[in-house]
Amino acid sequence: MTRPGVLGAMTKEHRERLMSLAREVSFAAGERIFDEGGGADRFWIIHTGTVALDLRVPGRQAATVETLGAGRMLGWSWLVPPHQWHLGAQADSPVRAYEFDAAAVRELCAADPALDHEMCTYVCGVLARRLRSARVRLLDLYAPHGAGEVP
């Protein structure tokens with residue numbers, strides 16, 4: 001069986017090394033996990049439940065840009081200086097997740113170039129999907145009605 005998300009994108013050896021740093025955590029439905037602009041010192045791999053990613057919109061309520069579920073990585077800002085969250089996150093339902101200390105994972109990656117490559121390649125894909133989701137959501141909110149599809 002293929003594992004979804006980052007764990008499925010890694011070799012067994014790298015998956016085991018990464019998971020040796022994992023700590024199980026949970027979030028209640030409605031609990032704020034992090035806010036846009038805050039320090040990104042950790043990330044999560046969602047085991048169960050869903051998390052809404054949101055973007056502050058001046059003068060309006062925060063816009064949900066994507067909802068993440070099981071197997072998905074929550075947070076990429078921990079990898080890219082200055083290590084500040086670019087979006088916010090809130091549990092939509094009760095969530096169980098594996099939490100990783102960003103500094104420990106960056107250290108692990110620095111010691112293993114192949115693991116670093118796997119992690120960076122995966123995070124780049126996450127980043128691309130999140131940017132597209134944010135773009136689509138903002139166009140939904142602000143583009144003139146009937147402006148067409150997003151390429």
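# Notes on the predicted fold

1. Let me start with a residue that is easy to overlook. His83 counts as partly exposed, at 21% relative accessibility. It stays out of the buried class because that label is kept for values under 20%. Please bear in mind that this is a predicted model. His83 sits in the loop between S6 and S7. Its phi is near 60°, a positive value in a residue that is not glycine. That deserves a look in the viewer, because most residues other than glycine have a negative phi.

2. The loop between S6 and S7 has a second point of interest in Pro82. The peptide bond that joins Pro81 and Pro82 is cis, with omega at about 15°. For context, most peptide bonds are trans. Pro82 and His83 can be inspected together, as the loop between S6 and strand S7 (88-91) holds Pro82 and also holds His83.

3. Now to the sheets. Which strand order does the open sheet that contains S7 follow? Its four strands are arranged as S2-S7-S4-S5, with antiparallel pairing. The edges are formed by strand S2 (32-34) and strand S5 (63-68), each of which pairs on one side only. From one strand to the next, the twist averages 30°.

4. The pairings inside this sheet can be followed strand by strand. S2 and S7 are joined by two bridges in the antiparallel sense, and here Arg32 stands opposite Gln90 of S7. S7 also pairs with S4, again antiparallel, over four bridges. On its other side, S4 (residues 51-55) pairs with S5 over five antiparallel bridges.

5. Ala52 is a handy landmark for tracing those pairings. Its bridge partner in S7 is Gln90, while its bridge partner in S5 is Thr67. Gln90 links back to the edge strand too, since Arg32 faces it. If you are checking the side chains along this path, remember that in a regular strand they alternate between the two faces of the sheet.

6. Another open sheet has four strands in the order S1-S8-S3-S6, and its pairing is also antiparallel. Strand S1 (23-27) and S6 are the edge strands; each has a single partner strand, so one side of each is left without a neighbour in the sheet.

7. How many bridges join S3 to S8? Strand S3 (residues 42-48) and strand S8 (residues 95-101) run antiparallel and are joined by six bridges. One pair to look for is Thr48 with its bridge partner in S8, Arg96. S3 also runs antiparallel to strand S6 (residues 73-74), with two bridges between them. There Trp44 stands opposite Leu74, and Ile45 stands opposite Met73.

8. Helix H3 adds another layer to this picture. H3 lies across S3 and S8, and its direction makes an angle of about 60° with that of S8. Just after it comes Asp112, in the loop between helix H3 (102-111) and helix H4 (113-142).

9. Is Asp112 buried or exposed? Asp112 is buried, because its relative accessible area is 11% and the limit for that class is under 20%. Setting aside neighbours within four places in sequence, Asp112 is in contact with His14 and Arg17.

10. Met19 belongs to helix H2 (residues 12-19). It counts as partly exposed at 24% relative accessibility. What does Met19 touch, apart from residues up to four places away in sequence? The residues it touches are Leu7, Tyr98 and Phe100. Leu7 is twelve residues from Met19 in sequence, and their C-alpha atoms are 9.0 Å apart.

11. Finally, the interior. A search of the whole structure turns up one cavity of 30 Å³ or more. The volume of the largest cavity is about 60 Å³. Its lining is made up of Phe34, Leu53, Gly75, Trp76, Ser77, Trp85, His86, Leu87 and Arg130. Sorted by class, five of these residues are nonpolar, three are polar and one is charged.

How values were computed. Residues numbered from 1 in each chain as written. Predicted model: local features only at pLDDT ≥ 70, side-chain atom pairs only at ≥ 80, totals over all residues. Heavy atoms only, no water. Pairing = 2+ DSSP bridges. Axes fitted to C-alpha atoms, helices over the stretch in contact; angles between N-to-C directions. Buried < 20%, exposed > 50% of the residue type's maximum accessible area, 1.4 Å probe, protein only. Contact = heavy atoms within 4.5 Å. 1 Å grid on protein atoms, 1.4 Å probe; cavity = no way out; pocket = protein on both sides within 12 Å on 5 of 7 lines; lining within 4 Å. Points joined across faces, edges and corners; volume = space filled by probe spheres on them. Nonpolar A, V, L, I, M, F, W, Y, C, P; charged D, E, K, R; others polar.
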